[in-house]
Amino acid sequence: MCIRDRLGPGAVLGVVGIYGDDVASATVVADETCRAIEIDRRGIDELAVRSPEAAGRLHRHLAGVLSDRLLAANRTLDAFRAADAEPE
């Protein structure tokens, strides 16, 4: 197992699975007792019926999480490209 990241309170996991049909891209293992809330696509759809405003806030939050992760991935790729471009 490769530890890629350590997450703390308020971490959001599985966002891609909410919006896409991909299988999980990661496995999460807690190294201490924690509380988690599971919200699947159907749960979000039900929230949209009961409280469209809350669903909208949730979607905006999840979009922000995805945006932050994409920007971080782009920075990592840029760093690899810069390292490859350096003369040896």
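How many residues line the largest pocket, and which of them lie nearest its centre? Keep that in mind as you open the viewer; the tour starts with the whole chain and then comes back to the pocket. One thing before you click: this is a predicted model.

**Stop 1: the whole chain**

Show the cartoon first. The protein has 3 helices and 0 strands, and reading along the sequence gives the pattern α-α-α. Now switch to the C-alpha trace and turn it along its principal axes, where the span is about 60 × 30 × 25 Å. The radius of gyration is 17 Å, while a compact globule of 88 residues would have one near 12 Å. If you colour by accessibility, 12% of the 88 residues count as buried. For a contact map, take the pairs at least 6 apart in sequence: 50% of those contacts join residues at least 24 apart.

**Stop 2: the largest pocket**

Back to the opening question. Select the lining of the largest pocket and you should have 47 residues, with L7, V12, L13, G14 and V28 nearest the centre. The elements that give two or more residues to this lining are α1 (15–19) and α3 (52–85). Highlight α3 next, since the largest share of the lining, 9 residues, comes from that helix. Then colour the lining by class: 28 residues are nonpolar, 9 are polar and 10 are charged. As for room inside, the pocket holds about 2,200 Å³ of space.

**Stop 3: the largest nonpolar core**

Hide the pocket and select V12, V15, I18, I44, L62 and V65. These 6 residues make up the largest nonpolar core. Both α1 and α3 supply at least two residues of this core. V12 is a handy link between stops, as one of the residues nearest the pocket centre and also a member of the core.

**Stop 4: L62**

Centre on L62, which sits in helix α3. Is L62 buried or exposed? Its relative accessible area is 7%, under the 20% cut-off, so L62 counts as buried. Show its neighbours, leaving out residues up to four places away in sequence, and you will find contacts with V12, V15, Y19 and I44. Of these, V12, V15 and I44 belong to the core along with L62. For a distance check, draw a line from L62 to A24: the two are 38 residues apart in sequence and 16 Å apart in space, C-alpha to C-alpha.

**Stop 5: I44**

From L62, step across to I44 in helix α2 (residues 41–50). I44 is buried as well, because its relative accessible area of 4% is under 20%. What does I44 touch, not counting residues up to four places away in sequence? Select I18, I39, L58, H59 and L62 to see these partners. You can also put a distance label between the C-alpha atoms of I44 and G56, which are 12 residues apart along the chain; the label should read 9.8 Å.

**Stop 6: A36**

Finish in the loop between α1 and α2, where A36 is found. A36 counts as exposed, because its relative accessibility of 73% is over the 50% cut-off. For a last line across the model, join the C-alpha atoms of A36 and D78, which are 42 residues apart along the chain and separated by 34 Å.

How values were computed:
Residues are numbered from 1 along each chain as its sequence is written. This is a predicted model: local features need pLDDT of at least 70, side-chain atom pairs count only at pLDDT 80 or more; totals for chains, interfaces and linings use all residues. Side-chain values use heavy atoms; hydrogens and water are left out. On a 1 Å grid over the protein atoms alone, a cavity is a set of points where a 1.4 Å probe fits but cannot get out, and a pocket is an open set with protein on both sides within 12 Å along at least five of seven lines; lining residues have an atom within 4 Å of a point. Grid points are joined across faces, edges and corners, and a volume is the space filled by probe spheres set on the points. Helices (H or I, at least four residues) and strands (E, at least two) are DSSP runs, numbered from the N terminus. Ala, Val, Leu, Ile, Met, Phe, Trp, Tyr, Cys and Pro count as nonpolar, Asp, Glu, Lys and Arg as charged, and the others, Gly among them, as polar. A nonpolar core is a set of buried Ala, Val, Leu, Ile, Met, Phe, Trp, Tyr and Cys residues joined through side-chain atoms within 4.5 Å. Buried means under 20% relative accessible area, exposed over 50%, partly exposed in between (1.4 Å probe, protein chains only). Contact means heavy atoms within 4.5 Å. The radius of gyration is taken over C-alpha atoms; the globule rule is 2.2 Å times the number of residues to the power 0.38.
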